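Subject: Structure handover and what was found in it

Dear colleague,

I am handing over a structure to you with this email, together with a description of what was found in it. Please keep the view open while you read, and look up each residue as it comes up.

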Amino acid sequence: MGPPTVTIGSYPDYPAAQRVVDYLADNRFPVEHSAIVGTNLTLVETVLGRMTTGRSALLGAGTGAWFGLFIGLLFGIFTVGNWLAVIVVGLVIGAIWGAVFGAVAHAMTGGQRDFTSASSLRAGQYAVIVDAQFADQARQLLGRMRTSDSATNAG
């Protein structure tokens, strides 16, 4: 457990909290004694599209091709003859096996998950915290930041 901390501000989004820490850093505050803490976390799964056996095979082929290329390059380094042919064969075999495994893996799900998605965590609020011994210094700097923001918005 680290030293006691103090919250010096809460913000509705990450960029706002990041601006505060950046301002502190610009004003020579020891930012290694600060943190941005997200609270009220929500898991958001964004659906990207429909997954079919064909699409799964295509994605598997792409992944397999990369792996086959890697193996082909590895063997190609130690080949005395036509090293380019070794690389191409590795890539093609990798793509074929990747497509087969991708299609079989999707077929084995039995239609339980016929979509692709990306998951992310989002926070409802972001707090900037600092070690208690630096709280007064941070608050003074934050007061100056708010004053300069007010002057900028007024003019």
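What follows goes through the sheet, then an aromatic pair, then two residues of one strand, and at the end a helix. Please keep in mind throughout that this is a predicted model.

The sheet is a good place to begin. Three strands form an open sheet, in which the order is E1-E3-E2 and the pairing is antiparallel. Strand E1, which covers residues 5-11, and strand E2, which covers 34-50, stand at the edges with a single partner strand each, so one side of each has no neighbour in the sheet. On average, and with direction ignored, neighbouring strands of this sheet are turned by 35° against each other. As general background, strands of a sheet pair through backbone hydrogen bonds, and they may do so in a parallel or an antiparallel way.

The two pairings can be followed in the view. E1 is joined to strand E3, residues 115-131, by six bridges, and Gly9 stands opposite Val128 in E3. E2 and E3, which also run antiparallel, are joined by 15 bridges, and here Thr42 has Arg122 in E3 as its bridge partner.

Next come the aromatic rings, of which the structure holds three pairs. One of these pairs is formed by Tyr14 and Tyr126, which meet edge-to-face, with 5.7 Å from centre to centre and 75° between the planes. Because Tyr14 belongs to helix H1 (residues 14-26) and Tyr126 to strand E3, the pair ties together parts that lie 112 residues apart in sequence. Are the two rings' residues buried or exposed? Tyr14 is partly exposed, at a relative accessible area of 39%, whereas Tyr126 has 15% relative accessibility and therefore counts as buried.

Two residues of strand E2 deserve a careful look. Ile36 is found in this strand and is partly exposed, with 28% relative accessible area. If residues up to four places away in sequence are left out, Ile36 touches Tyr14, Ala17, Gln18, Val21, Tyr126, Ala127 and Val128, a list that includes both members of the aromatic pair described above. Gln18 is 18 residues away from Ile36 along the chain, and the C-alpha atoms of these two residues are separated by 7.7 Å.

Ser34 also has its place in strand E2, and at 19% relative accessibility this residue counts as buried, because the cut-off for buried is under 20%. The side chain of Ser34 reaches the backbone oxygen of Val31 at 2.6 Å. With residues up to four places away in sequence not counted, Ser34 touches Val21, Ile129 and Val130.

Finally, please turn to helix H2, residues 53-77. What span should its 25 residues have, at 1.5 Å a residue? The expected value is 36 Å, and the end C-alpha atoms of H2 are 36 Å apart, which agrees. The buried residues of H2 are Ser56, Ala57, Gly60, Ala61, Gly64, Ala65, Gly68, Gly72 and Gly76, and these buried residues pack against helix H3, which covers 83-108.

With best wishes

How values were computed
Residues numbered from 1 in each chain as written. Predicted model: local features only at pLDDT ≥ 70, side-chain atom pairs only at ≥ 80, totals over all residues. Heavy atoms only, no water. Helix = DSSP H or I, 4+ residues; strand = E, 2+ residues; numbered from the N terminus. Expected span 1.5 Å × (residues − 1). Buried < 20%, exposed > 50% of the residue type's maximum accessible area, 1.4 Å probe, protein only. Contact = heavy atoms within 4.5 Å. Pairing = 2+ DSSP bridges. Axes fitted to C-alpha atoms, helices over the stretch in contact; angles between N-to-C directions. Phe/Tyr/Trp six-rings, centres within 6.5 Å; stacked < 30°, edge-to-face > 60°. Polar contact = N/O pair within 3.5 Å; in protein donor to acceptor, adjacent residues only side chain to side chain.
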